Structure formats: C-alpha cells, structure tokens
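Let's take a friendly walk through a protein model, from its strands to its aromatic rings. Have the picture ready and follow along.

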Amino acid sequence: MSFKIATVLALAALVCVEGRSAIVGGFAIDISDAPYQVSLQNRGSHNCGGSFLSSKWVLTAAHCTEGASASSLAVRYASSEHAKGGVLAQVARVVMHPKYDGGTIDHDFSLLELKEEVRFDDRAQPVDLPEQDEPVEDGTLCKVSGWGNTQNWNESTERLRAATVPTVNQKECEEAYADFGGITDTMLCAGYKKGGKDACQGDSGGPLFSDGKLVGVVSWGYGCAQAGYPGVYSRVASVRDWIRKTAGV
C-alpha cells in the first residue's frame with residue numbers, strides 16, 4: 001500500500017516523505033504557463049514544489065520542510081527544469097503552520113522566506129490567493145503542476161508537467177478516505193472517479209490553481225491516480241489569515 005505522505009510510512013505514496021512528486025496523466029508545460037511554480041531543493045536535489053506568494057515568500061507543504069533547516073533549502077524558479085536553468089534562491093527562514101500534525105497531515109503548510117527578493121518577469125510571478133474560507137465549488141477544474149514520478153517511462157520528470165483535475169465533493173472524499181483517518185476542513189480533494197490524472201511523489205507542496213488563484217497545496221493521497229481515491233490538497237483559503245499575518249501577503 002503506497003501513500004502520498006512521507007511522515008506516515010503507512011501512507012507513504014502520494015505525498016511521501018519526499019512529497020508527491022510527479023504528475024500522472026498530464027502534459028509538459030513551460031514555466032511561463034505556471035510562473036508561480038518553484039522547485040524546492042533540499043541539499044541540492046529537487047524535493048517538492050512550491051508557489052510564489054510575493055518577492056520574498058513561497059508557500060509549500062509542511063511535510064516537505066519537516067526536519068529540514070533553512071540553510072539546507074533553496075528554490076529554483078524561472079525554469080521549466082528542476083535541475084538547471086533559472087535562478088536558485090536560498091531560503092532564510094522556514095515557518096511551519098503551528099497546527100501542522102504529521103500524523104494526520106492536517107494544516108500541511110509551510111512558508112519560506114527567501115534571503116533576497118525575487119525580480120519578477122514573465123517566467124516568475126506571484127500567485128493570487130483566495131479570501132479566508134472562500135469556497136471552491138464541486139467540479140471546479142483546476143491545474144496541478146510539478147516535477148516527479150509520471151508512472152510512464154516515456155514521460156520525463158526533468159521538465160515541468162501539469163494535469164487538469166476537478167474538485168471533489170467534501171463528503172465523497174471523506175467517505176473515500178474513511179479507512180485512512182478521513183480528511184479535515186483544511187483539506188480539499190481533486191481528481192476523477194476513474195483515476196488516471198493526479199499529482200504524485202515529488203509534486204508535494206506544489207500548486208493547485210483555478211480561476212487565477214492558488215486554491216490548494218499538493219499534500220497526500222492513496223497511491224497516484226488511483227480510481228476512487230482523489231488527490232488530497234491543503235485548502236489555502238483555510239489559512240488565508242495566517243498567511244497574511246505571517247508573510248504580510
């Protein structure tokens with residue numbers, strides 16, 4: 001049994017200790033199609049994804065930064081490849097959500113303060129955020145992007161990929177994950193009942209984007225693109241006030 005969650009080995013596959021990493025059933029995109037996307041690097045290697053909130057702050061998943069020091073982290077941005085190109089920016093400070101629970105993966109959010117401000121252009125831009133508790137309608141089409149396991153040898157994990165997935169009714173998702181502890185109000189689910197398209201190991205911390213806003217952060221799930229098990233994302237609207245207070249965004 002594989003799970004997308006790293007800190008909980010019994011759940012380790014969608015999110016995994018390295019985090020959900022690759023896009024399954026997706027397509028290659030240029031970074032200019034998702035200029036808010038960054039690659040979170042731990043000691044020089046791609047670990048997770050993240051999103052620019054401002055020229056100084058990046059939002060990712062708490063399970064991606066758990067146990068890591070700021071000095072070991074950097075983000076590569078303005079590049080369609082996680083291993084080269086663009087700019088590598090060092091992280092000055094990590095602020096994990098105070099209510100993050102590694103056992104349930106609740107409040108799976110971390111804010112990264114960069115050492116130097118980023119100069120934005122068409123390949124690097126901050127993402128807009130929803131208001132506190134702003135709802136997302138069931139069936140809303142969203143774009144999830146990242147680098148990682150595609151479960152297809154013909155699809156490279158070196159270049160940025162994306163997939164389009166619809167949000168799932170909260171009650172339906174709770175029922176799907178009842179045997180895994182269920183989901184909370186700080187979580188949002190997206191995917192197709194038949195599976196086939198999803199985030200995967202290495203995509204953790206990356207963006208779930210819809211209607212011009214960052215609505216979710218790749219967090220966890222059972223397997224990758226499994227029928228009956230949509231991807232689970234941290235609901236950005238549930239912590240909008242915390243982001244504003246912490247990062248001033």
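Two strands pair if DSSP finds at least two bridges between them. Helices (H or I, at least four residues) and strands (E, at least two) are DSSP runs, numbered from the N terminus. With that in hand, E12 and E13 are a pair: they run antiparallel and share four bridges. E13 is also joined to E10 by four bridges, again in the antiparallel sense.

This is a predicted model, in which local features need pLDDT of at least 70 and side-chain atom pairs count only at pLDDT 80 or more, while totals for chains, interfaces and linings use all residues. Residues are numbered from 1 along each chain as its sequence is written, and side-chain values use heavy atoms, leaving out hydrogens and water.

Now look at Ser 234 in E13. Its bridge partner is Met 187, and Val 217 also has Ser 234 as a bridge partner. E13 is mostly covered, since five of its five residues are buried (under 20% relative accessible area; exposed is over 50%, partly exposed in between, with a 1.4 Å probe and protein chains only).

Elsewhere, six strands close into a barrel in the order E2-E3-E4-E7-E6-E5, with antiparallel pairing. On average, neighbouring strands of this sheet are turned by 45° against each other, direction ignored. Within the barrel order, E5 (residues 73–77) and E6 (residues 87–96) pair over four bridges, and Arg 76 has Leu 88 in E6 as its bridge partner. Strands of a sheet pair through backbone hydrogen bonds.

Finally, the rings. Rings of Phe, Tyr and Trp (its six-membered ring) pair if their centres lie within 6.5 Å; planes under 30 degrees apart count as stacked, over 60 as edge-to-face and the rest as tilted. By this rule there are nine aromatic pairs. Here are two of them:

| Pair | Centre distance | Plane angle | Type |
|---|---|---|---|
| Tyr 177 and Tyr 229 | 5.6 Å | 65° | edge-to-face |
| Phe 180 and Tyr 229 | 6.1 Å | 80° | edge-to-face |

Tyr 177 and Phe 180 both sit in the loop between H2 and E10, while Tyr 229 is in the loop between E12 and E13. Tyr 177 is 52 residues from Tyr 229 along the chain, and Phe 180 is 49 residues from Tyr 229. Is Tyr 177 buried or exposed? At 0% relative accessibility, Tyr 177 counts as buried, whereas Tyr 229 is partly exposed at 25%. Ring pairs link Tyr 177, Phe 180, Trp 220, Tyr 222 and Tyr 229 into a cluster.

Terms used. Axes fitted to C-alpha atoms, helices over the stretch in contact; angles between N-to-C directions.
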